[in-house]
Amino acid sequence: MAEEYRCSNCGAPLDVSPETIAIVCSYCGFLNWVREDLKEEVLVVKPIEEGQALKRLADFATKKGLGEVFRQSNLSKAAVVAIPFYFVDVSAEANYSGRVAVRVRKCRREKDSERCWIDTHNIYVRGVYGPYSGTVPVVARRGSDVVSVKALANRYMASRVEAVPIGKVELDRNVWSSILSIEIDRKTAMDIALDTHLDSMREMVENVIRREAENRVRMRGENVVGSTVIWKRITPINVKMVSSKPILLPMYIAVYRYGNDMYRSILCGWDGEAIVLERPMKRLERVAWGSLAAIASGVLGGLGVAAIGIWIGIGLIAIGSIASWYCMRKALMPVKSSIFSSGVLVGSVKSKRYSRLLS
Amino acid sequence: MDGDRIRFTCSFCRAEFDAPKTFRYATCPYCGTTFRIDNPGVRIDHYLFMVSYDKNSAYRLVKEFALMQVGIAEDFETATEFESAYQYLIPLYIYEVNVKAICGGGKEEVGDSKVEIDIHGGEEAAYIVTPAAQDMPIKIPVGYSFPARGRRFFKPTIVREGMYLQPSLDPETVFRIVKEPYINKVISEAVTACGNNYNLVDSSKYIGVAHYPFWLVKYRYRGNTYTSIVDASDGTVLHLEYPISSKSRVVGLVGGVATTIIAAAIGGIITGIVTGTFIYGLLGGAVAALPALGIAVQRFIRSKGVYRYKPSEEAVFVPVR
């Protein structure tokens, strides 16, 4: 049933959702624990001031030739949001064994011609992989699994910025009111991190099994053309996980109006660096993508017809079709989004912070 | 009371009310407690996502988003007028999937911030939000990520306007269906890790039913009606019809045809050089360019353009969902 929560420091009403574990009062900045049983220290990375962040964006946009769009006079809306994360260090090894069908190409000279065929070797491999270690950032909220949020986490892991206990830092009132409540507890965060990390390790181990079998056949001087894992056993062992305390990472969202259009940008809250930037598609860019569609389909279509072998020809024409579809879609996109963070879509990231927690 | 309705006494506030027998759930109009119709003793957690955008804001979002579309009519901003906005509250079921398989003889040590497992089988952890009714008036894209932010306990007084749709699917059946691929994956991982010697631990749970608001906004442009759907909680435009100018249509169609002709010419030149025959390369280039032509035709053949939200393409922003 509905229950009204009030700040235990100033008595102001709290905007609590059914999953809220902890929430910062938007009036006084006091951290309230709705789930007392999960009470722990929360760390925060202090954001730079809004003006400073927007100035950084303007400078960055100017360097990219977008100074006209992202200027102060075009600013329609700016807001800071502090997103809670857990950073989970995971380390695991894997006992593996597998049987791989390795295909090799063999040729034999018969009178004036050469006869070639594909032979298969069944190779058994086994070993221990790892330790495979990494840091998995887990957003402590439901349904926030988007590129900009992942990019923010990666930027934090790559940087040396310090997170301090929330009680020991002075935050502006607009930052308090924008701190998103923590909705995932540490245990759930570790389960999510385990799933991400071990899925990634299983994929890597399967590649190791295949590669090891192929290499063994290559060492016999044979010409390997492909392989299939027939049977495998991958047992994760010595799995260790340590989770950080919840860490609040700030992010600026700025919306600009340029001409009739709106363009959004997301900035890293502690240094003002652009994470995601939407920019107008210039007429010239549309023409370029359209031309690329014509050239790619023309070249691949022509080569496809001229190719030796029907399947190679069909393959080239198919690639040309995909290229023309992709380029034309690009040509007609309303805006262009650029992401300025490496490894955004990687689930588990090698980080400088790793080993700080596990050691 | 007619025979199609059933009378309830709210177990929380003792108020009496009646609801249609066909409903799966009944919500007390006085205190908001939700029950299962077939088992009124069982209370259900019922949430409502807050409406952050009213109909005027939703219409403004539609106009701003339409202005960003390629080929939008030049006088769009001045020649459009609001026609109607209707709010639908779509029922959703919320589940948390958490399944683990530990190999036989394996040990798991779980601390506050540390976990150690010596031999592990498989694992899946996911948060699932799925529609709780079929044939809904608003088509939600597959994979649409519903935000957890702004979820509140349901109170009938919160719903001031709009159409409140009842959940019609059985939550346990839906849970079994949505959970099945996760359990199968865990079993497959466990079998790969330790054969059939594993213990499956299913800590998944049904969190509750929620209602999510969408606006169906209609506007007029030069005598024609255009429809759009806006997520009333976070402002995402899911569907948008917009007028395309005649000039843009001509440019778009000519561009599509020109792309195909150029591709055919390049293909022809290549086969002309390689094989001495022009015509086959011409055909090869034209065939490869057909998808590009198809996109241009689909986009510009009609004066009404249509945008549809694609979760995979749009998952860059929305950091606070």
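UniProt, in an unreviewed entry, places a transmembrane region at residues 310-328 of chain A. This is a predicted model. In it, that stretch of chain A is 100% helix and 0% strand. Strand β9 of chain B, at residues 114-131, pairs with strand β7 of chain A and also with strands β7 and β8 of chain B.

**Annotated segment of chain A**
- The record for the transmembrane region comes from an unreviewed UniProt entry and covers residues 310-328 of chain A.
- The C-alpha atoms at the two ends of residues 310-328 of chain A are 27 Å apart.

**Chain A overall**
- Chain A holds six helices and eleven strands.
- Its C-alpha trace spans about 95 × 55 × 40 Å along the principal axes.
- The radius of gyration of chain A is 27 Å, whereas a compact globule of 359 residues would have one near 21 Å.
- Of the 359 residues in chain A, 43% are buried.
- Among contacts in chain A with a separation of 6 or more, 73% are between residues 24 or more positions apart.

**Pairing between the chains**
- Which strand of chain B pairs with strand β7 of chain A? The partner is strand β9 of chain B, residues 114-131.
- Strand β7 of chain A covers residues 223-243.
- These two strands run antiparallel, with five bridges between them.
- Met241(A) faces Val115(B) of β9(B) across this pairing.

**Partners of β9(B) within chain B**
- Strand β7 of chain B, residues 80-103, is joined to β9(B) by eleven bridges.
- That pair is antiparallel.
- Ile102(B) stands opposite His120(B), a residue of β9(B).
- Strand β8 of chain B, residues 108-110, also runs antiparallel to β9(B), with three bridges.
- Glu109(B) has Glu116(B) in β9(B) as its bridge partner.
- The link from β8(B) to β9(B) is a hairpin of three residues.

**Side chains in strands**
- In a regular strand, side chains point to the two faces of the sheet in alternation.

**Domains of chain B**
- The domain assignment splits chain B into domain 1, residues 49-243, and domain 2, residues 246-300.
- How far apart are the C-alpha centres of domain 1 and domain 2 of chain B? They lie 41 Å apart.

Terms used:
Residues numbered from 1 in each chain as written. Chains lettered and ligands numbered in written order. Predicted model: local features only at pLDDT ≥ 70, side-chain atom pairs only at ≥ 80, totals over all residues. UniProt positions renumbered as here; feature names shortened; annotations may be inferred. Helix = DSSP H or I, 4+ residues; strand = E, 2+ residues; numbered from the N terminus. Pairing = 2+ DSSP bridges. Rg over C-alpha atoms; globule rule 2.2 N^0.38 Å. Buried ≥ 20, exposed ≤ 12 C-beta atoms within 10 Å, placed from the backbone. Contact = placed C-beta atoms within 7 Å. Domains from an automatic or database assignment.
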